[in-house]
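Please open the model in your viewer and keep the selection panel at hand. The stops below are meant to be taken in order, each beginning with something to select.

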Amino acid sequence: MSTTGATADPLAVLAELPGVAESVDSVRKAVDRVYGHRIMRRRSNEITSEAALRGARGSAALSGADWALEEVRRRTDFSGDDGARTVGAALRLTAEAGQLLSIWRQSPLRVLARLHLVAAADSDPRVGRPRQEGEPVDEPLVELPLPDAAEVSGRLEGLSQLIIAGGAAPALVTAAVVHGELLALRPFGSHNGLVARAAQRIVLVGSGLDPKAVCSAEVGHAELGRAAYVAALDGYASGTPEGMAAWIAHCGKAVELGVRESTAVCEALQRGAA
């Protein structure tokens with residue numbers, strides 16, 4: 001992660017980049033609107049469950065398993081081909097993320113290790129720990145240069161310290177940095193994209209921006225498409241102020257599209273109750 005100057009709170013510096021405040025404000029207003037919906041006041045558990053399913057579908061799509069929502073909904077066996085295993089991993093991560101909120105602020109690296117264990121569902125000793133020098137990475141949909149193990153270790157530790165220290169940065173900025181940093185580093189041998197998006201979800205929920213987990217950014221990222229996702233990630237990896245701001249704005253737009261999806265679910269439930 002690159003910032004624009006030395007400070008005790010680098011995330012706060014990113015929040016001051018041109019256009020970021022506007023993204024933060026737009027996301028906040030969108031989230032407030034869906035939380036103010038009359039159906040959210042009476043049936044929020046149903047909205048949360050549906051958002052989780054749709055978010056998992058979106059995350060899996062970005063990792064190459066672009067299934068129809070109803071296929072994800074009806075399937076019970078995810079042990080078949082690579083696509084099925086990816087969808088299964090995304091569903092497990094979405095369920096697990098909510099159990100790790102209390103641990104995240106004290107031990108984010110422990111949470112990331114747990115997320116990888118859940119995603120991989122494998123007894124391989126490399127699962128659940130950052131990769132070591134020379135170990136391969138299976139992440140074909142992210143084509144950025146791969147940092148070496150020493151850089152991964154140092155940057156993960158720096159990210160962990162930022163999260164534990166807290167700070168005044170908006171939740172969107174913190175979530176975008178966590179997401180982008182994990183994708184850029186690819187610290188694990190597999191499932192890095194799924195883990196990165198689950199970590200973003202944890203930040204958005206745990207920060208209080210989306211406490212009921214109804215604003216699935218994964219839905220929005222999938223709707224915006226892989227090409228836009230990769231282009232925005234390139235901006236993050238560049239470390240330039242413009243690139244970082246563009247990535248944060250992209251993540252903000254994804255949250256807003258997730259809000260739109262849950263608002264549509266609210267409207268459908270309201271019509272059904274009428």
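The tour that follows goes through a predicted model, from its core to its pockets and the loop beside them in the itinerary.

**The nonpolar core**

Begin by selecting Trp104, Leu112, Leu115, Trp247 and Val255, which are the residues with the most contacts inside the largest nonpolar core, a set of 81 residues. As a general background to this stop, nonpolar side chains tend to be buried together in soluble globular proteins.

Keep Val255 selected and add its partners: leaving aside residues up to four places away in sequence, Val255 touches Val27, Val31, Leu172, Leu204, Cys215 and Ala217.

**Ser23 in helix H2**

Next, select residues 20-35, which form helix H2, and pick out Ser23 within that helix. Ser23 has a relative accessible area of 12% and is therefore classed as buried, since the cut-off for that class is under 20%. When residues up to four places away in sequence are not counted, Ser23 touches Leu172 and Ala249; Leu172 is also one of the residues that Val255 touches.

**His179 in helix H9**

Move on to His179, whose place is in helix H9. Is His179 buried or exposed? His179 is buried, with a relative accessible area of 0%. Display its surroundings by selecting Ala196, Arg197, Gln200, His221, Tyr229, Trp247 and Cys251, which His179 touches when residues up to four places away in sequence are set aside. Trp247 has already appeared on this tour, among the residues with the most contacts inside the largest nonpolar core. For a distance to check in the viewer, take the C-alpha atoms of His179 and Ala121, which are separated by 21 Å and belong to residues 58 apart along the chain.

**The loop between H9 and H10**

Now select the loop between helix H9 (171-185) and helix H10 (192-206), where Arg186 lies. The phi angle of Arg186 is near 45°, a positive value in a residue other than glycine, and Arg186 is buried, with a relative accessible area of 3%. His191 also has its place in the loop between H9 and H10, and its phi is near 60°, again a positive value in a residue other than glycine. With a relative accessible area of 23%, His191 is partly exposed.

**The largest pocket**

Leave His191 selected and add Thr86, Asp138, Gly189 and Ser190. The largest pocket holds about 850 Å³ of space, and of the 41 residues that line this pocket, Thr86, Asp138, Gly189, Ser190 and His191 are the closest to its centre. Which helix should be coloured to show the largest share of the lining of the largest pocket? That share, 6 residues, comes from H5, while helix H5 (82-97), helix H7 (108-120), H10 and helix H12 (226-238) each supply at least two residues. Colouring the lining by class gives 19 nonpolar, 9 polar and 13 charged residues.

**The second largest pocket**

For the last stop, turn to the second largest pocket, with about 310 Å³ of space. Select Arg105, Gly166, Thr174, Val203 and Ser207, which are the closest to its centre of the 18 residues that line this pocket. Helix H6 (101-104), helix H8 (149-165), H9 and H10 are the elements that give two or more residues to this lining, and H10 gives the most, with 3 residues. By class, the lining of the second largest pocket comprises 11 nonpolar, 5 polar and 2 charged residues.

Technical notes
Residues are numbered from 1 along each chain as its sequence is written. This is a predicted model: local features need pLDDT of at least 70, side-chain atom pairs count only at pLDDT 80 or more; totals for chains, interfaces and linings use all residues. Side-chain values use heavy atoms; hydrogens and water are left out. A nonpolar core is a set of buried Ala, Val, Leu, Ile, Met, Phe, Trp, Tyr and Cys residues joined through side-chain atoms within 4.5 Å. Buried means under 20% relative accessible area, exposed over 50%, partly exposed in between (1.4 Å probe, protein chains only). Contact means heavy atoms within 4.5 Å. Helices (H or I, at least four residues) and strands (E, at least two) are DSSP runs, numbered from the N terminus. On a 1 Å grid over the protein atoms alone, a cavity is a set of points where a 1.4 Å probe fits but cannot get out, and a pocket is an open set with protein on both sides within 12 Å along at least five of seven lines; lining residues have an atom within 4 Å of a point. Grid points are joined across faces, edges and corners, and a volume is the space filled by probe spheres set on the points. Ala, Val, Leu, Ile, Met, Phe, Trp, Tyr, Cys and Pro count as nonpolar, Asp, Glu, Lys and Arg as charged, and the others, Gly among them, as polar.
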